[in-house]
Amino acid sequence: MRPMRGGGHDRINTCLPDELVVEIFRRLDSKPSHDSCSLVCKRWLGLERLSRTTLRIGATGNPDLFINLLSRRFVNVRHVHIDERLNISLPVHLGSLARRRGSSSSYSKSEDDGIETNSLSDAGMVALGEGFPKLEKLSLIWCSNVSSVGLTSLADKCRLLKSLDLQGCYVGDQGVAAVGQCCKQLEDLNLRFCEGLTDVCLVELASGVGKSLKSLGIAACVKITDTALEAVGLHCKSLESMSLDAESIHNKGVLAVVRGCPALKVLKLQCINVTDEVLIAVGNCCSSLEFLALYTFQRFTDKGLRAIGNGCKKLKNLTLSDCYFLSDKALESIAIGCKELTHLEVNGCHNIGTLGLESIGKSCPRLTELALLYCQRIGNFALSEIGRGCKFLQALHLVDCSSIGDEAICSIAKGCRNLKKLHIRRCYEIGNKGVVAIGEHCRSLTDLSLRFCDRVGDEALIAVSQCSSLQYLNVSGCHQIGDGGLIAIARGCAELTYLDVSVLQVCSLSFSLSVHPAHFLHGPHAHRATILCSFMLSIFGKYTSSFLCY
């Protein structure tokens, strides 16, 4: 660090040892902060590199060579996230360096045709293993060029690995089996969309890391059958989370997991061949279950949910999506048995109506988040009961609920005054009256979305402008909203950082002329004015000169 002006003394570099400076850097909460510190002096540059524990790499330039370069700079990295869906720009000096070195390096060309590639390959996996032997968490998202050869090499070098995400990677049985043989501390494994895997790899994996494995995700692996899950149930006694989306799985496999893994806390199922027999077993065997999600089921009924209510007393989060044969009795069973419920989502369950949700309002006082999507049979009285009984509700999502109107929203507003998030879409019976009540009673509201609510107009936004903590507002498609409501929001909501007024018909020049940037310049959030003003200019582009005159 350069000498300070006026003969000052650099006490930081003089007094603080390297270990303490590194620990300070590790407590920084953002990459820009790390980057800024690294520019202070050469000492801080070196120490900041030692403090880096996480790297994120996208499909830009040559990932293989990029990993090789990074491993020399950041020797203490524990977490690496590589997502080939991301297009992350390389710094200019790194990009030019990669091009110079890549001209004579095998890293820059594919083995088949010599064409430069943006995909991670087995060579990159070798570099990962050699460069980051202390690796604990690795995510390889849609890295389609990685094979069992690369994964086997990495598993041999990174024996401290605890978390591995292979979503969309076309690795084979040999690579996953190698992970089971080498990475004895593995706790979390995601095999979603790994289409080349068979029962062989999971059987070997379960026998290798069964004592440590806590979380397993499988989806669209058509060659994985009940045989693999039987091995999981036999060896993985510490398993706490299972996510399963497979048409080739039947009761036999899931029953093996449920009966063999008593510590199960999270269970997500999308298996059309699973029946009530599995849910009854869950109720009998998984007393620690806290999270249950059932997607697109065709073959289970209220009987299965009754077993969950009777046996899973610790259940906190329940998602029911497209469960056509469930009725009000299913929710009544959950309400009676699962008093700890905090999150509930009902999506497209057309036989669940008002009575079922009423029972939740009467019996689940700790509910904090409720989502109702495409629930045509749930009416006002159900949400009135939620308003009376669920005082801690903080988030409410309503989509295409044609029987819910202002009466229900007024009840929520008066009873749930801690509401922070309200998202409503295409609920045509909700209008100004309900939203006005939200503005008057829910002063902690930070996130409001009213999409395509035809009866919501300026009166509603004027009331919402009293919610001074509002940060997110989406009124897309609310055709009755005009200048008056938006001007009120601009003047009353100083913390607003996101505004969507697309598909509105009556906003005019007067809005842009009436909103002075000073309306957003209050307190510590003054810097956010630029965000909102830029968004307004993108809408009223042809009036830019008028808006900028302030």
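**Values against cut-offs**

Reader: Why does arginine 388 count as partly exposed?

Author: Its relative accessibility is 47%. Buried needs under 20% and exposed needs over 50%. Arginine 388 lies in between, so it counts as partly exposed. One caution: this is a predicted model.

Reader: What makes glutamate 385 buried?

Author: Glutamate 385 has 12% relative accessibility. The limit for buried is under 20%, so glutamate 385 qualifies.

Reader: How do you know that arginine 388 forms a salt bridge with glutamate 385?

Author: Their closest N and O atoms are 3.2 Å apart. The cut-off is within 4 Å, so the pair passes. Both residues sit in helix α17, 3 residues apart, which means a separation of about one helical turn. Elsewhere, Asp35, Glu48 and Arg52 are joined into one network by salt bridges that share partners.

Reader: How many salt bridges does the structure hold?

Author: It holds 10. One of them pairs aspartate 156 with arginine 159, with closest N and O atoms 2.8 Å apart.

Reader: Are those two partners buried or exposed, or in between?

Author: Both are in between. Aspartate 156 is at 37% and arginine 159 at 42%. Neither value is under 20% or over 50%, so both residues are partly exposed.

Reader: Why does the pair of lysine 252 and glutamate 230 count as a salt bridge?

Author: The closest N and O atoms are 3.8 Å apart. That is within 4 Å, so the pair counts. Lysine 252 is in helix α12 (residues 251-260) and glutamate 230 in helix α11 (residues 226-235). The two residues are 22 apart, and the pair links distant parts of the chain.

Reader: What makes lysine 252 exposed, and glutamate 230 partly exposed?

Author: Lysine 252 has 55% relative accessibility. Exposed means over 50%, so the label fits lysine 252. Glutamate 230 is at 30%. That lies between 20% and 50%, so glutamate 230 is partly exposed.

Reader: Why are α12 and α13 called roughly parallel?

Author: Helices α12 and α13 (residues 276-285) pack at an angle of about 5°, with axes 9 Å apart. Angles under 35 degrees count as roughly parallel, so this is the label for α12 and α13.

Reader: Which residues meet there?

Author: Asn251, Val254, Leu255, Val258 and Arg259 come from α12. On the α13 side are Glu277, Val278, Ala281, Val282 and Cys285. The residues of this contact divide by class into 7 nonpolar, 1 polar and 2 charged.

Reader: How do you know that α17 is roughly parallel to α18?

Author: Helix α17 (residues 380-389) and helix α18 (residues 406-415) pack at about 0°, and their axes are 8 Å apart. The angle is under 35 degrees, so the pair is roughly parallel.

Reader: What does α17 bring to the contact with α18?

Author: Asn380, Leu383, Ser384, Ile386 and Gly387. They meet Glu407, Ala408, Ser411, Ile412 and Gly415 of α18. The classes are 4 nonpolar, 5 polar and 1 charged.

Reader: How many aromatic pairs are there?

Author: The count is 3. One of them joins phenylalanine 25 and tryptophan 44.

Reader: Why is the pair of phenylalanine 25 and tryptophan 44 called edge-to-face?

Author: The ring centres are 5.5 Å apart, with 75° between the planes. Centres must lie within 6.5 Å, and planes over 60 degrees apart count as edge-to-face, so both tests are met. Phenylalanine 25 lies in helix α2 (residues 18-26) and tryptophan 44 in helix α4 (residues 42-51), so the pair ties together parts 19 residues apart in sequence.

Reader: What makes both residues buried?

Author: Phenylalanine 25 has a relative accessible area of 3%, and tryptophan 44 is at 12%. Both values are under 20%, so both residues are buried.

Reader: Why is the pair of tyrosine 472 and tyrosine 498 stacked?

Author: The centres are 4.5 Å apart and the planes are at 5°. Stacked means planes under 30 degrees apart, so the label holds. Tyrosine 472 is in strand β16 (residues 472-474) and tyrosine 498 in strand β17 (residues 498-500), so the pair ties together parts 26 residues apart.

Reader: How do you know that tyrosine 472 and tyrosine 498 are partly exposed?

Author: Tyrosine 472 is at 26% and tyrosine 498 at 34%. Both values fall between 20% and 50%, so both are partly exposed.

Key:
Residues are numbered from 1 along each chain as its sequence is written. This is a predicted model: local features need pLDDT of at least 70, side-chain atom pairs count only at pLDDT 80 or more; totals for chains, interfaces and linings use all residues. Side-chain values use heavy atoms; hydrogens and water are left out. Axes are lines fitted to C-alpha atoms, for helices over the stretch in contact, and angles run from 0 to 180 degrees between N-to-C directions. Helices (H or I, at least four residues) and strands (E, at least two) are DSSP runs, numbered from the N terminus. Angles under 35 degrees count as roughly parallel, over 145 as roughly antiparallel, 65 to 115 as roughly perpendicular and the rest as oblique. Contact means heavy atoms within 4.5 Å. Ala, Val, Leu, Ile, Met, Phe, Trp, Tyr, Cys and Pro count as nonpolar, Asp, Glu, Lys and Arg as charged, and the others, Gly among them, as polar. Rings of Phe, Tyr and Trp (its six-membered ring) pair if their centres lie within 6.5 Å; planes under 30 degrees apart count as stacked, over 60 as edge-to-face and the rest as tilted. Buried means under 20% relative accessible area, exposed over 50%, partly exposed in between (1.4 Å probe, protein chains only). A salt bridge is a side-chain nitrogen of Lys or Arg within 4 Å of a carboxyl oxygen of Asp or Glu.
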